[in-house]
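Fresh page in the notebook today. I wanted to go through this structure piece by piece and jot down what I found at each stop.

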Amino acid sequence: MTDTTKTLCPYCGVGCGLDVSPPAQPGKAINRDSQGNPIWKVKGDRNHPSSQGMVCVKGATIAESIDKNRLRYPMLRDSLDQPFRRVSWDEALTHIVSRMRSLCATQGADAICMYGSGQMQTEDYYVAQKLLKGCLGTNNFDSNSRLCMSSAVAGYVQSLGADGPPCCYEDLDLTDCAFIIGSNAAECHPIVFNRLQKHHKKNHDVKMIVVDPRRTPTAEVADLHLAIHPGTDIDLLNGIAHLLLRWGYFESEFVSECTANFPAFAEVISHYPPDIVARRCGISVEDLETSARYWGTSKRVLSLWSMGVNQSTEGTAKVRGIINLHLMTGQIGKPGCGPFSLTGQPNAMGGRESGGLCNLLPGYRHVQNAQERAEVEKFWGIPAGRISSNWGRTAWDMIIGLETGDIGLLWIVATNPAVSLPDVKRTQAALLRSPFTVYQDAYYPTETAAYAHVLLPAAQWGEKTGTMTNSERVVTLCQAFRPPVGEAKPDWEIIAEVGRRLGFADKFPFANSAEVYAEYVQLTRDRPCDMTGISHARLAQDPIQWPYPDEGVRGVDLGTRESCKRLYTNLRFATPDGRARFSAYHSRGLAEPPDAEYPFVLTNGRLYGHWHTQTRTGRIEKIKQMHPQPFLEIHPRDAAKLKIQENDLVEVRSRRGKAQFPAKVTKAIAPGTLFVPMHWGALWGDETEANALTHPEHDPDSHQPELKACAVQLIPVALKANVSKLKDNFQQNQSNEIIIRITS
């Protein structure tokens with residue numbers, strides 16, 4: 001191949017376009033790495049509308065991992081204490097299909113679960129929904145978006161009537177005030193943040209507010225950093241709303257004509273005066289008032305948030321609290337403003353659109369809506385009533401199902417729950433109890449592979465063609481530029497073949513991913529995420545932002561992106577009456593607050609170079625050198641009390657488990673709060689799993705776990721060793737006394 005291939009970076013949800021060139025020009029020697037693998041040249045695609053040629057270190061080094069530690073052939077074993085043996089695809093799939101048929105006959109289809117990933121392309125997601133929810137009649141498909149964006153989904157749906165960020169990246173260049181809460185965008189979404197920072201530097205009147213218990217690189221450049229106590233986000237949001245209303249920064253006509261439930265909201269925020277909010281949040285009244293004044297005096301406020309908001313037992317309420325501020329000031333549906341969630345994974349948006357959570361169906365439909373179930377059943381040509389009216393199992397419900405014996409088969413695709421799920425020791429114990437686990441991934445080994453009975457090699461980035469949707473609703477065609485390694489196959493092909501072997505061949509007639517996509521987009525017709533005007537052939541020319549219906553549906557000009565940039569520009573929302581909904585929530589705080597025994601709040605997050613569990617980035621030398629080991633951030637005041645110095649090894653204990661990290665003593669973390677990175681699983685460190693400490697308590701609406709906060713205690717390892725030595729000496733002295741008494 002000699003031509004440059006256009007694709008998408010497979011990391012965060014910014015959706016950076018990439019140009020990939022072959023390892024050498026014709027007639028020249030091929031550049032190879034130390035293992036002899038061809039080195040592909042990767043650079044940003046300057047023509048991609050979202051990233052404009054920019055790319056971070058993860059995207060720039062992606063090609064270095066493409067051949068390392070790959071799973072190349074199907075593998076099988078009868079029990080977890082046996083080694084894997086290489087088998088053919090036919091033997092592996094026959095084994096899976098036989099087990100699925102047996103379970104359907106004995107326990108029913110609800111004994112089967114699939115846990116997917118934002119790494120899956122939209123075509124992969126769609127085929128999985130059709131197999132499980134349509135053909136088998138179980139809604140037990142969930143994805144790691146449950147840990148990532150499900151609170152944002154619930155918040156958008158409840159407040160605005162439908163999922164989907166209403167903003168676009170151009171708003172980063174137009175805003176007067178950026179309100180960043182629960183996001184270290186400088187490290188986790190660097191391309192978006194760099195664009196915002198350029199706008200901020202160029203325009204001195206533009207304000208940036210960052211809400212975070214840590215003084216992150218994002219907070220370093222802010223005009224105002226609010227280092228609130230963990231769990232007080234709703235107090236802050238209600239406190240800002242209280243001041244906006246008191247000071248008259250309030251669009252009464254918009255609220256009257258375009259919203260509902262404002263009186264209940266106004267009553268709640270009356271209980272959040274500045275002195276109470278400042279005390280609860282641990283900030284000054286002056287800073288609280290400054291944040292409200294920045295918001296109120298700005299004509300275009302853009303709010304940005306990510307996991308620090310979503311991963312909470314109050315995640316949905318926090319998202320709705322952010323949207324409340326936009327509604328009361330009329331800051332939505334216009335350039336430069338609006339509530340803008342930053343998606344954590346490359347295709348979490350595509351998964352949401354195609355029904356990739358246990359409560360969703362394709363086209364932003366819900367399993368509990370009878371009319372929407374009937375629409376999908378008719379389209380798929382399956383019997384009425386086949387799709388269940390109940391939520392399927394969430395990611396954590398699958399763990400509970402393994403514990404109770406209600407799950408007979410767990411199929412995991414492109415994710416690593418043995419590291420990423422909360423209370424990970426409990427998770428691992430449940431995975432050990434699984435009667436039959438299928439693990440479909442591109443890499444081996446991973447931590448989750450140790451719990452699998454069948455390993456299926458999946459084609460990864462650069463080896464399969466399909467679509468992904470980014471944070472601003474731009475759909476990009478990710479084109480393959482090389483064949484899969486070994487016998488690896490695209491995820492959708494594997495899932496479709498299982499469907500055919502189960503007797504549903506007529507439901508999976510697809511010859512390629514373009515045919516899968518062509519069928520899928522028909523289910524988006526007249527839905528908020530209408531993509532009927534999009535096809536692989538059209539995307540081969542340019543990425544496209546939805547809504548993008550086909551010609552003649554809504555009169556959308558297919559030659560321009562202008563009509564699709566922002567949602568709700570007519571100030572009519574996707575609710576039955578067209579009005580957005582104010583929410584009225586009081587703050588409940590953390591599910592597990594600190595106490596005398598566990599006096600610290602532990603939070604966690606990403607580092608610039610790594611992404612999730614190092615399945616890919618841990619195999620790239622430049623990133624390994626950038627982040628050689630995990631660490632524990634602790635404030636100097638807390639470190640002094642415990643006699644902890646820089647680089648001292650510290651044991652962190654919660655009510656569920658323990659881990660060890662070298663201390664990083666820094667004023668960048670608030671007193672009483674600790675931070676550890678989330679990337680290190682058992683393959684990459686000894687007792688360095690952040691999720692050995694976290695708990696599974698979750699938001700009642702989104703079912704998203706509160707991964708961002710748990711109560712812990714600290715024990716310096718040197719002190720622990722001394723205590724252990726004293727204990728051993730005491731026990732030895734006791735034994736000597738007994739011996740003396742006996743001999744006397």
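**Entry 1: unusual backbone spots**

In which loop does proline 445 lie? I found proline 445 in the loop between strand S17 (437–441) and strand S18 (454–457). This is a predicted model, by the way. I looked there since a cis peptide bond joins tyrosine 444 to proline 445, with omega at about 5 degrees.

I then noted a cis bond between tryptophan 546 and proline 547, again with omega of about 5 degrees. Proline 547 sits in the loop between strand S21 (544–545) and S22. A reminder to myself: most peptide bonds are trans, and most residues other than glycine have a negative phi.

With that in mind, I checked phi. Aspartate 423 has a positive value near 45 degrees, although this residue is not a glycine. I located aspartate 423 in the loop between helix H18 (417–420) and helix H19 (424–433). Is aspartate 423 buried or exposed? Its relative accessibility is 8%, so aspartate 423 counts as buried.

Leucine 571 also has a positive phi, near 60 degrees. I traced leucine 571 to the loop between S21 and S22. Its relative accessibility is 27%, so I put leucine 571 down as partly exposed.

**Entry 2: helix H4**

How many of the residues of H4 are buried? I have nine of the eleven as buried, so the rest of the structure largely encloses this helix. Among the buried ones are Ser150, Val153, Gly155, Tyr156 and Leu160.

Next I asked what covers the buried residues of H4. My list includes strand S12 (301–305), helix H13 (307–310), helix H14 (315–329), strand S13 (338–341), helix H15 (348–353) and strand S22 (580–581). Just after H4, I noted that glycine 161 takes a positive phi of about 100 degrees.

**Entry 3: the largest pocket**

H4 came up again here. The largest pocket holds about 550 Å³ of space. I have 26 residues lining this pocket, with Val157, Gln158, Gly161, Ala162 and His366 nearest its centre.

Which element gives the largest share of the lining? That is H4, with five residues. Helix H4 (150–160) and strand S15 (365–366) each supply at least two lining residues. By class, I wrote down eleven nonpolar, eight polar and seven charged residues for the lining.

**Entry 4: aromatic pairs**

My tally of aromatic pairs is 19. I picked one for a closer look: tyrosine 126 and tyrosine 520 form a tilted pair, 5.5 Å centre to centre, with 50 degrees between the planes. Tyrosine 126 belongs to helix H3 (residues 122–136) and tyrosine 520 to helix H21 (residues 513–522), so the pair ties together parts that are 394 residues apart in sequence. I checked burial too: tyrosine 126 and tyrosine 520 are both buried. Tyr126 and Tyr520 also form one aromatic cluster with Trp380 and Tyr517.

**Entry 5: confidence**

Last stop, pLDDT. The chain has a mean of 94, and 94% of its residues reach 70 or more. I flagged residues 552–561, where the pLDDT is below 50; beyond near neighbours in sequence, this stretch has 22 contacts in the model. I flagged residues 735–744 as well, where the pLDDT is below 50 and the model shows zero contacts beyond near neighbours in sequence.

Notes:
Residues are numbered from 1 along each chain as its sequence is written. This is a predicted model: local features need pLDDT of at least 70, side-chain atom pairs count only at pLDDT 80 or more; totals for chains, interfaces and linings use all residues. Side-chain values use heavy atoms; hydrogens and water are left out. On a 1 Å grid over the protein atoms alone, a cavity is a set of points where a 1.4 Å probe fits but cannot get out, and a pocket is an open set with protein on both sides within 12 Å along at least five of seven lines; lining residues have an atom within 4 Å of a point. Grid points are joined across faces, edges and corners, and a volume is the space filled by probe spheres set on the points. Helices (H or I, at least four residues) and strands (E, at least two) are DSSP runs, numbered from the N terminus. Ala, Val, Leu, Ile, Met, Phe, Trp, Tyr, Cys and Pro count as nonpolar, Asp, Glu, Lys and Arg as charged, and the others, Gly among them, as polar. pLDDT is the predictor's confidence in each residue, from 0 to 100. Contact means heavy atoms within 4.5 Å. Rings of Phe, Tyr and Trp (its six-membered ring) pair if their centres lie within 6.5 Å; planes under 30 degrees apart count as stacked, over 60 as edge-to-face and the rest as tilted. Buried means under 20% relative accessible area, exposed over 50%, partly exposed in between (1.4 Å probe, protein chains only).
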